[in-house]
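Here is a short report on one protein model. Please keep the sequence and the structure open while you read.

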Amino acid sequence: MADETCADQMPVPLSGDIKQMTIPWLFQGIRARSGTGTAVFEYIQDQTAEKVVKKVYFKHGDITFAASNRQEDWLGRYLVRAGKLTEQQCAASEELVARTGKKQGAILVELGFLTPQALVNGLKLHVKQIILSLFPVRMGTYRFDEGPLPVADIIPLQMSTGNVILEGVTSL
């Protein structure tokens with residue numbers, strides 16, 4: 001009941017221009033309403049003029065996963081930057097993803113490049129990196145699509161939305 005009252009006092013638009021919304025406010029609004037669905041952010045990358053689409057998945061107000069269409073944001077590329085994979089391991093796994101259609105994380109474990117626990121740890125940091133990269137974005141659009149999550153496309157990782165908001169705000 002208190003969450004509904006808070007949401008009623010401070011209604012958060014569930015779609016619009018990013019410049020009219022702060023990411024923490026949107027995330028807090030989704031958290032307050034215990035929303036389940038996908039927040040979709042679309043914008044043009046300044047340096048490359050590439051169209052970027054990032055998605056943050058929520059279940060009952062908590063962040064559960066995030067994804068990006070940018071190759072630099074893909075799991076393998078992130079793990080190379082984090083020192084968890086070599087370039088060769090990343091390339092081999094990406095080639096198998098293209099050939100088999102399997103998820104890169106599953107392939108990394110199958111090939112013995114990561115243990116299952118290292119994959120989970122890497123995924124959590126990777127998802128957080130995608131989310132935190134949204135905080136400085138000021139141009140583009142967003143929308144929150146309420147509804148069931150695409151379970152075939154995500155690996156559910158329960159994350160505290162409040163903690164992610166706090167980390168994102170302090171990183172700015």
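The sections below cover the core, two helix contacts and four serine or histidine sites.

## The nonpolar core

This is a predicted model. Its largest nonpolar core holds 42 residues. Within that core, the residues with the most contacts are Leu-26, Phe-27, Phe-41, Val-56, Phe-58, Ile-63 and Ile-131. Several helices and strands supply two or more residues each. The helices are H2 (23–32), H3 (75–81), H6 and H7. The strands are S2 (37–44), S3 (51–59), S4 (62–68) and S5 (141–146). Helix H6 contributes the most, with 6 residues.

Phe-58 shows how the core is joined up. Setting aside neighbours within four places in sequence, Phe-58 contacts Phe-27 and Ile-63, among others. Both of these partners are also listed among the core residues with the most contacts. Other contacts of Phe-58 include Ile-30, Ala-39, Phe-144 and Leu-149. Gly-35, Thr-36, Gly-37, Thr-64 and Thr-161 also touch Phe-58.

## Helix H6 against helix H7

H6 spans residues 116–132 and H7 spans residues 161–171. Their axes come within 10 Å and cross at roughly 55°. That angle falls outside the parallel, perpendicular and antiparallel ranges, so H6 and H7 are oblique to each other. The crossing of H6 past H7 is right-handed.

Which residues make the contact between H6 and H7? H6 offers Lys-128, Ile-131 and Leu-132. H7 offers Val-164, Glu-167 and Gly-168. By class, this contact has 3 nonpolar, 1 polar and 2 charged residues.

## Helix H2 against helix H7

H7 also meets H2. The axes of H2 and H7 come within 10 Å and cross at roughly 170°. An angle over 145 degrees counts as roughly antiparallel, so H2 and H7 are roughly antiparallel to each other.

On the H2 side, the contact uses Pro-24, Phe-27, Gln-28 and Arg-31. On the H7 side, it uses Thr-161, Gly-162, Ile-165 and Val-169. The contact residues divide into 4 nonpolar, 3 polar and 1 charged. Two names here recur from the core section: Phe-27 and Thr-161 are both in contact with Phe-58.

## Two positive phi angles

Most residues other than glycine have a negative phi. Ser-34 has a positive one, near 55°. Ser-34 lies in the loop between H2 and S2. Is Ser-34 buried, partly exposed or exposed? With a relative accessible area of 36%, Ser-34 is partly exposed.

His-60 is not a glycine either, yet its phi is positive, at about 55°. His-60 sits in the loop between S3 and S4. Its relative accessibility is 54%. Exposed means over 50%, so His-60 counts as exposed.

## Ser-68 and Ser-133

Ser-68 is in strand S4. Its relative accessibility is 14%. The cut-off for buried is under 20%, so Ser-68 counts as buried. Ser-68 and Val-53 are 15 residues apart in sequence, but their C-alpha atoms are 5.8 Å apart in space. Not counting residues up to four places away, Ser-68 touches Val-53, Lys-54, Asp-73, Trp-74 and Ile-130.

Ser-133 belongs to the loop between H6 and S5. At 23% relative accessibility, Ser-133 counts as partly exposed. Ser-133 and Lys-54 are 79 residues apart in sequence. In space, their C-alpha atoms are 9.6 Å apart. Lys-54 is also one of the residues that touch Ser-68.

How values were computed:
Residues are numbered from 1 along each chain as its sequence is written. This is a predicted model: local features need pLDDT of at least 70, side-chain atom pairs count only at pLDDT 80 or more; totals for chains, interfaces and linings use all residues. Side-chain values use heavy atoms; hydrogens and water are left out. Axes are lines fitted to C-alpha atoms, for helices over the stretch in contact, and angles run from 0 to 180 degrees between N-to-C directions. Helices (H or I, at least four residues) and strands (E, at least two) are DSSP runs, numbered from the N terminus. Angles under 35 degrees count as roughly parallel, over 145 as roughly antiparallel, 65 to 115 as roughly perpendicular and the rest as oblique. A crossing is left-handed if the near helix is turned anticlockwise from the far one by less than a right angle, and right-handed if clockwise. Contact means heavy atoms within 4.5 Å. Ala, Val, Leu, Ile, Met, Phe, Trp, Tyr, Cys and Pro count as nonpolar, Asp, Glu, Lys and Arg as charged, and the others, Gly among them, as polar. A nonpolar core is a set of buried Ala, Val, Leu, Ile, Met, Phe, Trp, Tyr and Cys residues joined through side-chain atoms within 4.5 Å. Buried means under 20% relative accessible area, exposed over 50%, partly exposed in between (1.4 Å probe, protein chains only).
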